[in-house]
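The following exercises concern strand pairing, side-chain packing, annotated positions and cysteines. Each task is followed by a worked solution.

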Amino acid sequence: MTNHQIIVPLDVPDLGSAIALVDKLPQVTFWKVGLELFTSTGPTILEILKSRQKRIFLDLKFHDIPNTVAGACRAAASYGVDLLTIHSTNGKDALKAATEAVQVGAEKAGTKPPKLIAITLLTSISTRQLAFELKIPIELPEFALQMALLAQESGLDGAVCSPQEVGQLRESCGNDFLLVCPGVRPTWAEKGDQKRSLTPSQAIKAGADYLVIGRPITAAPQPELAWQKITEELNETYNPTGNEFPVS
């Protein structure tokens with residue numbers, strides 16, 4: 001386990017708040033920019049993060065018809081971000097169009113294409129909601145697996161899933177399929193609206209490549225101490241000798 005495998009969300013409303021949080025946590029190397037901040041700032045926040053040599057998870061969760069999704073992915077790929085999300089429920093045509101579009105967009109901009117990863121099911125959705133609100137007549141773990149397999153068959157690089165599904169997805173999709181887990185909560189943190197969470201150690205043991213850990217760090221009275229506590233717990237669990245692990 002390395003600190004580079006923890007992604008911290010910039011879930012703040014404006015550019016000033018984002019810069020203040022980045023300044024407060026200089027040791028964080030991988031930041032997530034989601035809908036709220038990107039809608040507020042546009043690509044300006046991406047430019048600032050790149051100028052500081054930070055890695056970027058652009059989590060916009062595209063969901064639309066194939067032509068529109070492809071256009072959005074082509075544009076997003078030009079920003080030079082590291083990860084980009086799209087809903088697997090777009091269907092195979094849109095997923096394939098998106099995979100081609102990120103290559104075209106990155107090549108045109110002269111940047112490395114982002115890893116395109118699929119949202120299997122939002123971590124705020126419970127088994128009961130899947131069945132009774134969304135009317136999907138299969139078990140939640142099976143649905144998440146089918147969405148991940150659809151993404152893999154369509155040429156995507158990986159998937160976003162809750163920690164509770166990551167073990168099954170790792171076994172079915174293999175080691176080369178990138179798995180990113182939000183909804184990760186240390187034992188001492190509130191779960192909030194995350195319905196299917198595990199601790200950081202449990203998620204890594206289950207097969208996650210990256211952990212998205214937000215409010216336990218960013219909403220803590222002292223975010224830098226919360227970050228330090230999480231990384232120390234993980235490094236003690238997976239690297240008790242203190243030797244440096246390679247970056248995933």
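**Exercise 1.** Determine which residue of β2 stands opposite Pro 9, and place the pair in the fold.

*Solution.* Step 1: Pro 9 stands opposite Lys 32 in β2. The model is predicted: local features need pLDDT of at least 70 and side-chain atom pairs count only at pLDDT 80 or more, whereas totals for chains, interfaces and linings use all residues. Residues are numbered from 1 along each chain as its sequence is written, and side-chain values use heavy atoms, with hydrogens and water left out.

Step 2: Strands β1 (residues 6–9) and β2 (residues 30–33) run parallel and are joined by two bridges. Strands are DSSP runs of E, at least two residues, and helices are runs of H or I, at least four residues, both numbered from the N terminus; two strands pair if DSSP finds at least two bridges between them.

Step 3: Eight strands close into a barrel with parallel pairing, in the order β1-β2-β3-β4-β5-β6-β7-β8. From one strand to the next, the twist averages 25°; axes are lines fitted to C-alpha atoms, for helices over the stretch in contact, and angles run from 0 to 180 degrees between N-to-C directions.

**Exercise 2.** Characterise the positions that UniProt annotates as "active site".

*Solution.* Step 1: The unreviewed UniProt entry places this feature at Asp 59, Lys 61 and Asp 64. UniProt positions follow the numbering used here, feature names are shortened, and annotations may be inferred rather than shown by experiment.

Step 2: Asp 59 lies in strand β3 (residues 55–62), and Lys 61 also lies in β3.

Step 3: Asp 59 counts as buried because its relative accessibility is 6%, while Lys 61 is partly exposed at 26%. Buried means under 20% relative accessible area, exposed over 50%, and partly exposed in between (1.4 Å probe, protein chains only).

Step 4: Not counting residues up to four places away in sequence, Asp 59 touches Lys 32, Val 33, Gly 34, Leu 35, Thr 85 and Ile 119. With that exclusion, the contacts of Lys 61 include Thr 85, His 87 and Ile 119. Contact means heavy atoms within 4.5 Å.

**Exercise 3.** Is Cys 73 buried or exposed, and how many disulfides does the structure hold?

*Solution.* Step 1: Cys 73 is buried, with a relative accessible area of 0%.

Step 2: The structure holds zero disulfides, a disulfide being a pair of cysteine sulfur atoms within 2.5 Å. For Cys 73, the nearest cysteine sulfur, that of Cys 173, is 19 Å away. For Cys 181, the nearest, that of Cys 161, is 4.1 Å away.
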